[in-house]
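Biologist: Could you take me on a close tour of one part of this model, the sheet near the end of the chain and whatever packs on it? I would be glad of a little context from the rest of the chain as well.

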Amino acid sequence: MGMTDVLIVGAGPTGLVLACDLARRGVAVRIVDRPPAPPRTSRAKGPNPRSLEILDDLGVAEEVLAAGSAPLPMLKYRDRHPVAEADPWADSAPSPDARYGRGWLIAQWRLEGILRDRLAGYGVHVEPGREVVGLAQGRGEGEGESESESDGAYGAYGGHVDVTYADGPAGRARYVVGCDGAHSSVRKLLGIGFEGTTAEDQVMVCGDVDLADGALDRTRWHQWFDEDGAVMLCPIPGTRTGWWFQAGPERDGRGRPLAPTADGFRRLLAHHTALPGRALTRAELLSTYRVNVRMADRFRAGRVLLAGDAAHVHAIAGGLGMNTGIQDAFNLGWKLGLVLAGHADAELLDTYEEERLPVAARTLDLTSERLRATLEAICRPGGGLDAAITPDTTGLGVGYRWSSLAAGGRAQEAGEPGPRAGDRAPDAPCADATTGEPTRLHRVFAGPRTTVLGFGPGSAAVLRATADAYGGDTGVRVCRVYAAHEDRAGAEPGAVVDDAGHVAAAYGTGASGATGAGTVVVVRPDHHVGVLAPADDARSVREYLRRLHGTGRPAERSPGMVDAVR
């Protein structure tokens, strides 16, 4: 039985992002999916700003932007007449510390296709028609490991998971990640609880439809909210006549929601809008959406982990479902990579649940609150889905200050500028110190490595010691950030110049850079700050890197790093 490093169950956006991140690290990864062909479901409408940063790191953001469109203004109707227009994104613009000021509209199946193509570039292909029906966590041959569920019992190499499929030969993997949705087989096989509520009365019917050419203006997201129901139609980017259709369901004589049908969609269209039912020429991918607010009791059991909807589902308001899953995957990928490479202890995987479970819990609260606000808003003429859009829904403010990976370095005073340990590391425009070409910090961070930024001349010693200890393929890079006035003769390749002061402003290093004492910032592979310390605190930097990357000598089983093609 062949052993793979990581088996990913489920090939939606969460599973595909995780597979791409692991494959570029040289990890042996398999990804299986139950449907016999990629499903073209009518689901998420696109990535939020934080997910766009992740897709950028994976090298696919340009393609995603080209295949989609900017979010559209919302035109709201009552009794078939337009009553208000709102553009919740009107004031969002890129800023120096965030390249993507707003999310993007793209059909989920199109995004999945782009990610599958990127994965194929690493020689990994989704295996369709593979349903997991059994999982057994075992010891390594001759390892004598404990069979206990305690996570410390699963060392980097000894244990494995035996996987049984409904059809075909069994498999074996060092780790299994369930990215298989709200009805996750992996979660059920582990017996992990999925507590929460399903609101049977909060129901929506959805589908992809074609409308007669010219029936509606494709530069708007049209929303009809009446006292007896609602219809929403949003143009699907990359199609000429395709629309996302969402509506309150038809109901039977006893008030129970009816299953969606093409004719039902036509009746809803004719009832709420000024369009005739026949304007809807085709309807497919029909589904019923119920408000589900549930979360797994835990995100890890030994060598099996859960991500995305398998770990948490919540109200649709704010569009955070797919985005939370993508961000789960980006948190987990580098941790699995470092453990499998033998650089980090398996305990590093405990920080996945430590960091992402509170984020999921907060997202459940946030989306439920946004849903409440939206349901309240649509009772009034002119109210609409813009009530769900708040700065919280960009994902850029999500951090992990409580995490054990955010310890060390100096404690910041309240009101001090710059991020704290655990926060998302800000982006900033800068220039290559050697060529003068414009670049950005997130470009420097891109690719599966930890980055050590040094500000001020005083940081040179720490950067040099780090480069000496972690050269080669240990997954650490150093980057000296020069202020515009600093002499950069002899700058190492990869150094940048803060030519417009945006980096100093984002990281709050202006004062220390000027005095020459300097600052060192360790940025994790998922763009979060690990340590922010004075440049003379080499110990904090050294201890942090040792926890993630070992002592720096390449481990025996170190997969080669594969950088994203740009």
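Modeller: Of the 566 residues of the protein chain in this predicted model, 56% count as buried. The chain has 13 helices and 22 strands. Among contacts between residues at least 6 apart in sequence, 71% join residues at least 24 apart.

Now to the part you asked about. Here 7 strands form an open sheet, and reading across it the order is β17-β16-β20-β19-β18-β21-β22, with mixed pairing. β17 (438-440) and β22 (529-534) stand at the edges with a single partner strand each, so one side of each is left without a neighbour in the sheet. From one strand to the next, the twist averages 30 degrees.

Let us begin at the β17 edge. Its partner is strand β16 (residues 429-432), and the two pair in the antiparallel sense over 3 bridges. Two of the residue pairings are easy to find on screen: A431 stands opposite P438 in β17, and P429 stands opposite R440 in β17. The two strands form a hairpin with 5 residues between them, and in the turn G436 has a positive phi of about 80 degrees. β16 also pairs with strand β20 (residues 496-498), again in the antiparallel sense, here over 2 bridges. A431 turns up once more in this pairing, where A431 stands opposite V497 in β20. A431 therefore has P438 in β17 opposite it and V497 in β20 as well.Next comes the helix that packs on this sheet. α10 touches β18, β19 and β21, and its direction makes about 160 degrees with that of β19. The buried residues of α10 (residues 460-469) are V462, L463 and T466. They cover an arc of only 100 degrees around the axis, which puts them on the same side of α10. On the other side of the helix, R464 and D468 are exposed. The cover over the buried residues of α10 includes β18 (450-455), β19 (476-483) and β21 (519-523), along with α13 (538-549).

There is also a pocket to look at here. The second largest pocket holds about 720 Å³ of space. Its lining has 28 residues, and V478, C479, P493, G494 and A495 are the ones nearest its centre. β17, α9 (441-445), α10 and β19 each supply at least two residues of that lining. β19 gives the most, with 6 residues.

For context, here are a few places elsewhere in the chain. Strand β9 (residues 221-226) is mostly covered, with 6 of its 6 residues buried. Both of its faces are covered: W221, Q223 and F225 are buried on one side, and H222, W224 and D226 on the other. Strand β3 (residues 74-78) runs parallel to β9 and is joined to it by 4 bridges, with L75 standing opposite H222 in β9. β9 and strand β10 (residues 229-235) pair in the antiparallel sense over 5 bridges, and V231 in β10 is the bridge partner of W224. A hairpin of 2 residues joins β9 to β10.

Two single residues round off the tour. G10 sits in the loop between β1 (3-9) and α1 (13-23), and at 4% relative accessibility G10 counts as buried. Leaving out residues up to four places away in sequence, G10 touches G15, I31, V32, D33, C179 and D180. G10 and V177 are 167 residues apart in sequence, yet 8.7 Å apart in space, C-alpha to C-alpha.

The other residue, K335, is found in helix α7 (residues 321-340). K335 is buried, with a relative accessible area of 0%. Beyond its neighbours within four places in sequence, K335 is in contact with L348, L349, T351, Y352, E355, L405 and R524. K335 and D350 are 15 residues apart in sequence and 9.5 Å apart in space, C-alpha to C-alpha.

Technical notes: Residues numbered from 1 in each chain as written. Predicted model: local features only at pLDDT ≥ 70, side-chain atom pairs only at ≥ 80, totals over all residues. Heavy atoms only, no water. Buried < 20%, exposed > 50% of the residue type's maximum accessible area, 1.4 Å probe, protein only. Arc of directions from axis to C-beta. Contact = heavy atoms within 4.5 Å. Pairing = 2+ DSSP bridges. Axes fitted to C-alpha atoms, helices over the stretch in contact; angles between N-to-C directions. 1 Å grid on protein atoms, 1.4 Å probe; cavity = no way out; pocket = protein on both sides within 12 Å on 5 of 7 lines; lining within 4 Å. Points joined across faces, edges and corners; volume = space filled by probe spheres on them.
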